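Here is a guided walk through one protein model, written for someone who would rather look at side chains than at code. Keep the 3D view open and follow along.

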Amino acid sequence: MPLYSSLFYSLYLHHCGQWISRARIRTYPLPLPPRESEVIITGASRQMFMLKSLFSRVWNDPNASELAQLSTGQLYLVRPNSIKGSRECIYNDAMATVRRTPTEHHFHLVVTKVYAEGDEPTLEEDDESEDERVFLLDEALEFRSSAFEGTSSFQWADLDGDEGDFFEFVAIGSNAPTAAFFETSILKAMYERKYLRSSDSATETELAALVYQPPPPTKAAPESPKAKKTAPVQSPSPAPVTSSVPPTPVKSEIQPKAPPPEAESQSSQVSERPAVVDEEAQLYLWESEPVEQFAFQAGVRAYIVENDEFDYYLTAIENGTYWLAHPISEDLSGRWSKNLLSFTWTHLSQEGVASSWCFRFPDVAAFQRFQREYVRCVWEVTNKASWGKIKPDEQQYAIDAFDFDPDTEMHDVSDEEEDVEDELSTVEEENSEDEEESDDEHGPVRMPDAGGKNKLLANGYKNGLSYIARGKNIGVFRKTQDDSLEYAATISKLLTPQGKQFAPKKMMLHQQDATLVLMNEQNPNALYQMDIETGKVVEEWKISDHLEINSMAPDSKFAQMTPQQTLVGTSHNALFRIDPRVSGDKLVDSEYKQYATKAAFSSVTTTDKGQLAVASEKGDIRLFDSIGKNAKTALPALGDPVIGVDTTADGRYVVATCRTYLLLIDTLIGEGRYAGSLGFDRSFPANAKPMPKRLQLRPEHVGYMGGLVSFTPARFNSGPESEEQFIVTSTGNFVIAWDFRKVKKGRLDRYDIKQYEQQVMADDFRMGDNKDIVVALSDNVHLTKKQALVKPTRQSLATPTNSLRSRSDIVNAPY
């Protein structure tokens, strides 16, 4: 049936008096049939007349910004030629609208996520909304109608995606008249943009010509031959599988490729070494041209080989030819996805060239065998000890913590949008103009040259002041009324009461920002109190002759805003309270917990109630309700030192920083006798310890950034009246902020990045603020808006050739 006739027939059957739809669009009365005394119109002409009259009422109303709408449906992104899952749900509940733009003859197709009542986003959501997709209606969209499982749908090309990728809106619940009216509205919009004139005079044939006709499908080329399978080395049985895995998409027209030139030299060291594990896999390499994607390279045997004690290599061999041989370490930034049966990593060559690779395994069993052996090897490389020394349950805990799949939400966090962020999704390009508009409005400031480099940062809550330690001096910076940062003063030549100069190792604001508490590496048995008003160290607080303090924290999360005088400290194997008011040693004997074995404590933090989280160089984390008692919860080490730890004010979440990744831990006990309590107050059941979420940069992003990651201690934005919304950290010249709200929903890839001209030494949100980040570079200091951080792209991450640095330049972890 012709386009107009089909639409009219649907309209006519639906209701004779007015346009009714489940879509929330305006109602427009149909023209009344002509009286007998009026000019007689033939049946076909009358249909066309009534239909044109309807569109004329809608399209010629200058106050109608929304011309047609489907109020219920789902938006999908379909990738028929990708190694990723072929169909991704973007919005599980959405509406589609044809919207007028200020430019004449230009219209948008807008797909918006629909929230259930009570779940609407708050005003504090990012300016950059992810709940709406906007498409300019143009013939280039290749728009066409279709059907999905018996329901009307509309498809259009993803112009920023790979060739063949397209969006599909499934119009769930929409009746035939609504769908037909919506389709014709889109064609009219495309007609007006193409011809730059009104569509009132457009013929049925002209509109139908704008419907895209896909080319006939071509037969897929046969898959590349795989290397002959050899007998695999025996390894422990994989853990039981509890979820289904999507099938590997069929690849068509795969072009044979050659190994990289450096593969032969890489393999010379390990060619005769014994294999730890050997599995069949598909090998992919991240390519940025012609589009950014993981491109298929070859069917290979994936090996881990033992080169020496605690020295392992990741290799790939195709019919006897080596594709790669990469030494295993945390620098690979390896990420596992059980959903995709994939392992991705980044390799930095001796020449400083970074590349990102991916293995796809044929089944779950192969994936788990390879993962188990990889985790064992990377643990042994990091700890220089045998994997067998740790308990079986701790081994499994470490293996499970490597899973990346964002398919599990934290307790009590709901999201109707069933979109799983693809492990290998194509990076979206950002609009450079948007980046420029959201960038810093003011240039950097710096302290007058006082020797050394910026090292430490402490943000005050009074007067917008920030303190930055640089050598044996402390710079004071102030936020101005125009939202910039200005240098205010220098507290120079820090001296102990005995007159000895020192450079602070750590510092913390105390007693309503009236004092700074300083740690002196030359005297680790004491702390120093500096009066900010005079700029002088006024007291030395000796802790104990047998304790060397290595970390400190306020009594509670926001104690710096109160007159509270006591504080918390750790040594390598003790946790204690410090009271400057007591005579002699300032250690409070009644609040002191020492461990007989070397605990290797490295960091401590407190909640608003004074509960404590203590992390160690071994990688374990202990949760205490008070000092002097045993920890309520002890989380096993994953093998990497923890260099920083922070908590939300209520203690619900803990973030721990390792060199190449962050761990986010939900302390809410979800089952058992103490369900609903926090791990600070009660112990988790032995078989239900909280599984940390592993926050990592995507391997392709690491490649763009130079190939190495060394995070500074991550922090939540915090304040007595502020809800934690972001987690901020840095590595090299980059500041990174994860969207905490999305991370809690399992969307672990949601981070923004900003590159600076120098290495970032420390960064943190201003107290009580979720918009301003103070960034201390090696020399300069910035006040950066959170919105200045952008989604990572090749353009925003690329390191200029003239500023490439050596491996040691950005590795600043103390271990």
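In which sense do strand S17 (residues 465–470) and S18 pair, and over how many bridges? The two strands run antiparallel, and six bridges hold the pairing. Please keep in mind throughout that this is a predicted model.

**The strands S17, S18 and S19**

To find your way in this region, look for tyrosine 467, which stands opposite valine 476 in S18. S17 and S18 make a hairpin with two residues between them. Glycine 471 sits in that turn and has a positive phi of about 60°.

On to the next pairing: S18 (473–479) is followed by strand S19 (485–491), and six bridges join S18 to S19 in the antiparallel sense. Here phenylalanine 477 has tyrosine 487 in S19 as its bridge partner. S18 and S19 also form a hairpin, with five residues between the strands. Within this hairpin, aspartate 483 takes a positive phi near 65°.

How covered is S18? Five of its seven residues are buried, which makes S18 mostly covered.

The loop between S18 and S19 is also the place of threonine 480. Is threonine 480 buried or exposed? Threonine 480 counts as buried because its relative accessibility is 18%, and the cut-off for buried is under 20%. The side chain of threonine 480 makes a polar contact of 2.7 Å with the side chain of serine 484.

**The sheet S24 to S27**

Now move along the chain to an open sheet. Four strands build this sheet in the order S24-S25-S26-S27, with antiparallel pairing. Its edges are strand S24 (551–554) and strand S27 (587–594), each of which pairs on one side only. On average, neighbouring strands of this sheet are turned by 20° against each other, direction ignored.

S24 pairs with strand S25 (residues 567–570) in the antiparallel sense, over four bridges. A handy pair to click on is proline 554, which stands opposite leucine 567 in S25.

**Salt bridges**

How many salt bridges does the structure hold? There are 34 salt bridges in the structure. Three of them are set out below, with the distance between N and O atoms.

| Basic partner | Acidic partner | N to O distance |
|---|---|---|
| arginine 193 | aspartate 138 | 2.5 Å |
| arginine 622 | aspartate 620 | 3.5 Å |
| arginine 698 | aspartate 749 | 2.5 Å |

Take the salt bridge of aspartate 138 and arginine 193. This pair links distant parts of the chain, 55 residues apart: aspartate 138 is in the loop between strand S4 (132–136) and strand S5 (144–148), while arginine 193 is in helix H3 (residues 176–195). Aspartate 138 is partly exposed, at 23% relative accessibility. Arginine 193 is likewise partly exposed, at 24%.

In the salt bridge of arginine 622 with aspartate 620, arginine 622 is buried, with a relative accessible area of 15%. Aspartate 620 counts as buried too, at 15% relative accessibility.

The salt bridge between arginine 698 and aspartate 749 again links distant parts of the chain, with 51 residues from one partner to the other. Arginine 698 lies in the loop between strand S35 (693–695) and helix H9 (699–704), and aspartate 749 in the loop between helix H10 (740–744) and strand S39 (751–755). Arginine 698 is buried, with a relative accessible area of 4%, and aspartate 749 counts as buried at 11%.

Some salt bridges share partners: Lys479, Asp483, Arg766, Asp769, Asp772 and Lys785 are joined into one network in this way. You have met Asp483 already, as the residue with a positive phi in the hairpin of S18 and S19.

**Helix H3**

Back to the helix that carries arginine 193. H3 has 20 residues and reaches 28 Å from its first C-alpha to its last, close to the 28 Å expected. H3 is mostly covered, with 16 of its 20 residues buried. After H3 comes leucine 196, which has a positive phi near 55°.

**Cysteines**

How many disulfides does a search of the whole structure find? The search finds zero. Among the cysteines to look at, cysteine 89 is buried, with a relative accessible area of 11%, and cysteine 358 counts as buried at 0% relative accessibility.

Notes:
Residues are numbered from 1 along each chain as its sequence is written. This is a predicted model: local features need pLDDT of at least 70, side-chain atom pairs count only at pLDDT 80 or more; totals for chains, interfaces and linings use all residues. Side-chain values use heavy atoms; hydrogens and water are left out. Two strands pair if DSSP finds at least two bridges between them. Axes are lines fitted to C-alpha atoms, for helices over the stretch in contact, and angles run from 0 to 180 degrees between N-to-C directions. Buried means under 20% relative accessible area, exposed over 50%, partly exposed in between (1.4 Å probe, protein chains only). A polar contact is a pair of N or O atoms within 3.5 Å; within protein, one must be able to donate a hydrogen and the other to accept it, and residues adjacent in sequence count only if both atoms are side-chain atoms. A salt bridge is a side-chain nitrogen of Lys or Arg within 4 Å of a carboxyl oxygen of Asp or Glu. The expected span of a helix is 1.5 Å times one less than its number of residues. A disulfide is a pair of cysteine sulfur atoms within 2.5 Å.
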